[in-house]
Amino acid sequence: SFSLNEFSISHSLDELLTETLDQVCELMNSPIGFYYFFSADQKTIQLQGWSSSTTKEFCTADGKENHHDISQAGVWADCVRQKKPVIHNNYASPPNKEGMPEGHAHLINDLVMPILRDDKVVAVLGVGNKQFEYTQRDVEIINYVADVTFHIVEQKRTEEKLLASEQQFRQIVETAEEGIWLTNLDRIITFANEKFANMLGYTIDELIGKSGFNFYFAEDLAFI
């Protein structure tokens, strides 16, 4: 069974995707697994992760962070164009199998599932090289799995974006020449930079958790 929610708490997005693909590959009896994110303009697709077995045994392509034009992709991207899952049980036979970068895992067969939100493809989950042919039952299983796992993956993507934004914000305000502070709805100080603390004659630790109404500049205390 999938325990990705708990796994995602203490692992990065890349680690989560690898674990997701490892579990999917085991479930689908497939040594190859890959995960692509689709761009908002619906024109490019970006490799985001391989399963562990794909990386170790099959693939030498360094495709991460590269955006591939979907119009130039081969049959593996049919699921994006058609917005439905596709199966290729004899991958050598399609006439349009171009689009794989050099060093890409050699596919014998594959099952590729688009993940849709608001009728737009947001990601692609694929498995390949199953010993036997992929079936409609496999489609039903991976359709459910892809939808559930994308929800977890998207939560992790959002979390990492927020964390990056927070780190950038902290770097800016902590080095600012102006005094900056934040309060919650109860007017309790939740953040203060060094400049603001110095202006009030307190340390940052003394400010955090205090009510904004209770602060006075050090030189004003003599008049209270």
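When I say contact in this talk, I mean heavy atoms within 4.5 Å. With that in place, let me take you through the model, which I should say at once is a predicted one, and let me begin with a single asparagine before moving outward to the strands.

N193 sits in the loop that runs between strand 8, residues 189-192, and helix 6, residues 194-200. Leaving aside residues up to four places away in sequence, N193 touches V173, E174, A176, E178, G179, I180 and I204. Is this loop residue buried or exposed? Its relative accessibility is 1%, and since anything under 20% is called buried, N193 counts as buried. The side chain of N193 also makes a polar link, reaching the backbone oxygen of E178 at 2.9 Å, and E178 is one of the residues already named among its contacts.

Let me now step back to the whole chain. The protein has seven helices and eight strands, and of its 224 residues, 38% are buried. If we take the contacts with a separation of 6 or more, 47% of them join residues that are 24 or more positions apart.

As for confidence, the mean pLDDT of the protein is 78, and 77% of the residues reach 70 or more. There are two stretches that I would ask you to treat with care. Over residues 98-102 the pLDDT stays under 50, and the model has twelve contacts beyond four places in sequence for that stretch; over residues 220-224 the pLDDT likewise stays under 50, and here the model has two such contacts. Where pLDDT is low, the predicted coordinates should not be read in detail.

Next comes helix 2, which covers residues 13-28. With 16 residues at 1.5 Å a residue, helix 2 should span 22 Å, and because its end C-alpha atoms are 22 Å apart, the expected and modelled values agree. The buried residues in this helix are L13, L16, L17, T20, L21, Q23, V24, C25 and M28, and just after the helix N29 takes a positive phi of about 55°.

C25 brings me to the cysteines. Its relative accessible area is 6%, so C25 is buried, and C79 is buried as well, with a relative accessibility of 0%. How many disulfides does a search of the whole structure find? The search returns zero.

I turn now to the strands, and to strand 5 in particular, which spans residues 110-117. Six of its eight residues are buried, and therefore strand 5 is largely enclosed by the rest of the structure. On one side of the pairing list is strand 4, residues 86-88, which pairs with strand 5 in the antiparallel sense over three bridges, with I87 standing opposite L111. Strand 5 also pairs with strand 6, residues 120-128, again in the antiparallel sense, over eight bridges. Within that pairing, L116 has V121 as its bridge partner, while L111 is partnered by V127. The hairpin of strand 5 and strand 6 has two residues between the strands, and in it D118 takes a positive phi near 55°.

Which other strand pairs with strand 6? That is strand 1, residues 32-38, which meets strand 6 in the antiparallel sense over six bridges, with G33 opposite V127. Seven of the nine residues of strand 6 are buried, so this strand too is largely enclosed by the rest of the structure.

My last residue is K83, which lies in the loop between helix 4, residues 78-82, and strand 4. K83 has a relative accessible area of 36%, so it is classed as partly exposed. Although K83 and L116 are 33 residues apart along the chain, their C-alpha atoms are separated by 7.7 Å. Not counting residues up to four places away in sequence, K83 touches D78, P114, L116, D119 and V121, and the L116 and V121 in that list are the bridge partners I mentioned a moment ago. What does the side chain of K83 reach at 2.8 Å? The answer is the backbone oxygen of D119.

To close, I would set the two loop residues side by side: the side chain of N193 reaches the backbone oxygen of E178, and the side chain of K83 reaches the backbone oxygen of D119, with N193 buried and K83 partly exposed.

Note on methods. Residues numbered from 1 in each chain as written. Predicted model: local features only at pLDDT ≥ 70, side-chain atom pairs only at ≥ 80, totals over all residues. Heavy atoms only, no water. Buried < 20%, exposed > 50% of the residue type's maximum accessible area, 1.4 Å probe, protein only. Helix = DSSP H or I, 4+ residues; strand = E, 2+ residues; numbered from the N terminus. Pairing = 2+ DSSP bridges. Disulfide = S-S within 2.5 Å. pLDDT = per-residue confidence, 0-100. Expected span 1.5 Å × (residues − 1). Polar contact = N/O pair within 3.5 Å; in protein donor to acceptor, adjacent residues only side chain to side chain.
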